[in-house]
Amino acid sequence: MVPPSPATNSKRPSVTEYLAEAIFSGRYRPGDLVPREVDLSAQFSLNRSAVRSDIRQLVDAGIIERISGHGTRVRDFDAWNILDPQVTDWMTRYAAPNPDIQREILAFRLDVEPWVAMTAARRATARDLVAIEEAFEGMEREMYSAGSDARRLHSDHDIAFHVAIFKATRNIVWSQLSHILRPSIYLLIEMSNESSTDPEASLERHRELMEAIRARQPQTAFRAAEAVLAGTAEALGLQPGDAILGSGVELPPSA
């Protein structure tokens with residue numbers, strides 16, 4: 001197997017990037033053993049210390065672990081440091097073929113974003129509402145554009161729409177978290193936009209979410225956010241798993 005081109009400017013092959021691509025794309029799954037240092041050393045024509053140094057980056061990121069006498073194994077997803085910028089970068093570049101990682105990201109969004117939307121409906125300022133509306137208008141404009149970059153630009157505006165809702169909570173933690181999670185959320189948005197069979201319906205669900213926030217209707221915003229993510233799950237062909245979607249969660253009364 002030919003290793004992928006390193007993401008860095010390193011003049012030597014990157015074992016880190018090779019293993020990251022193999023793990024995030026799903027060729028090595030949690031519990032699997034990755035190749036031994038001696039085999040990687042021969043494959044890449046590198047000395048053992050260089051291979052060990054590259055592997056250390058994945059160990060430090062919580063993705064693999066060394067087991068004395070057994071080798072190096074891929075850890076469960078819940079051990080990965082997914083908020084590490086390097087890990088989110090690998091996720092964005094390599095996880096597109098991996099439904100297990102997509103499902104984990106989707107479950108997180110289902111557990112979080114309806115509550116974020118509900119909070120935004122209560123706290124959004126006029127400036128926040130403008131940012132949400134501008135992002136939506138960009139989605140609408142690019143969806144009907146015939147240019148070769150239309151789909152990418154549509155996804156760019158789509159992620160801006162969701163980030164604007166996080167910011168509209170007027171909470172610094174949610175605002176910062178939206179930036180940290182942006183690459184992994186973009187992964188789902190880009191793939192769902194590419195595979196959607198009814199982009200007009202998706203756009204309408206986003207419009208209903210925007211209108212609920214603008215009308216200061218927290219419970220309606222909650223359900224609208226669920227509907228947006230249900231569309232994402234359908235476009236990706238994923239079952240959302242144990243998340244809020246479909247659980248009949250009882251919402252608190254509107255303030």
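**Figure 1. The largest nonpolar core of the predicted model.** The largest nonpolar core of this predicted structure comprises 35 residues. Leu19, Phe24, Leu40, Ile63, Ile64 and Trp90 have the most contacts inside this core. At least two core residues are supplied by each of the helices H1 (15-24), H2 (37-44), H3 (48-60), H4, H5 (99-123), H8 (172-195) and H10 (218-236). H1 provides the largest share, six residues. Apart from this core lies another one, of 26 residues, including Ala121, Met143, Leu203 and Ile213.

**Figure 2. Surroundings of Ile63.** Sequence neighbours within four places are left aside in this view. On that basis, Ile63 is in contact with Ile23, Phe24, Leu58, Arg73, Val74, Arg75, Trp80, Val87 and Trp90. Ile63, Phe24 and Trp90 are also among the residues with the most contacts inside the largest nonpolar core.

**Figure 3. The hairpin of strands E1 and E2.** Strand E1 (residues 64-67) and strand E2 run antiparallel and are joined by four bridges. Three residues separate the two strands of the hairpin. In the turn, Gly69 has a positive phi of about 85°. Two of the facing positions are shown: Ile64 stands opposite Val74 in E2, and Arg66 stands opposite Thr72 in E2. Ile64 also belongs to the group with the most contacts inside the largest nonpolar core, whereas Arg66 takes part in a salt-bridge network with Glu37, Arg48 and Arg52.

**Figure 4. A nonpolar patch on the surface.** Ile82, Leu83 and Ile180 make a nonpolar surface patch of about 230 Å². Ile82 is placed in the loop between strand E2 (71-74) and helix H4 (85-94). Ile82 counts as partly exposed because its relative accessibility is 39%. For the chain as a whole, the exposed area is about 12800 Å², of which carbon and sulfur atoms supply 50%.

**Figure 5. The salt bridge between Glu17 and Arg93.** The side chains of these two residues, Glu17 and Arg93, meet with an N to O distance of 3.1 Å. Glu17 lies in helix H1 and Arg93 in helix H4, so this pair ties together parts that are 76 residues apart in sequence. The two partners are covered as follows: Glu17 is buried, with a relative accessible area of 4%, while Arg93 is partly exposed, at 34%. A search of the whole structure finds 19 salt bridges.

**Figure 6. A salt bridge within helix H3.** The side chains of Asp60 and Arg56 form a salt bridge, N to O, at 3.2 Å. Both residues, Asp60 and Arg56, lie in helix H3 and are four residues apart, about one turn of the helix. Arg56 has a relative accessible area of 39% and is therefore partly exposed.

**Figure 7. The salt bridge between Arg214 and Glu133.** The closest N and O atoms of Arg214 and Glu133 are 3.0 Å apart. Because Arg214 lies in helix H9 and Glu133 in helix H6, the pair ties together parts that are 81 residues apart in sequence. Arg214 counts as partly exposed at 32% relative accessibility, and Glu133 likewise counts as partly exposed, at 29%. Elsewhere, salt bridges that share partners join Glu37, Arg48, Arg52 and Arg66 into one network.

**Figure 8. Loop residues around Ala124.** Ala124 is placed in the loop between H5 and helix H6 (126-143). With 4% relative accessibility, Ala124 counts as buried. Beyond residues up to four places away in sequence, Ala124 touches Leu129, Ala168, Ile213 and Arg216. The C-alpha atoms of Ala124 and Arg170 are separated by 6.9 Å, although these residues are 46 residues apart along the chain. Arg170 is located in the loop between helix H7 (150-167) and H8, and has a positive phi of about 60° although it is not a glycine. Arg216 is found in the loop between helix H9 (199-214) and H10. The phi of Arg216 is near 60°, again a positive value in a residue other than glycine. Arg216 counts as partly exposed, at 39% relative accessibility.

Methods:
Residues numbered from 1 in each chain as written. Predicted model: local features only at pLDDT ≥ 70, side-chain atom pairs only at ≥ 80, totals over all residues. Heavy atoms only, no water. Patch = residues over 30% accessible without salt bridge, like charges linked within 9 Å, V, L, I, M, F, W, Y side chains within 5 Å. Areas by Shrake-Rupley, 256 points an atom, 1.4 Å probe, with all protein chains shown as cover. Salt bridge = Lys/Arg side-chain N within 4 Å of Asp/Glu carboxyl O. Buried < 20%, exposed > 50% of the residue type's maximum accessible area, 1.4 Å probe, protein only. Pairing = 2+ DSSP bridges. Core = buried A, V, L, I, M, F, W, Y, C linked by side-chain atoms within 4.5 Å. Contact = heavy atoms within 4.5 Å.
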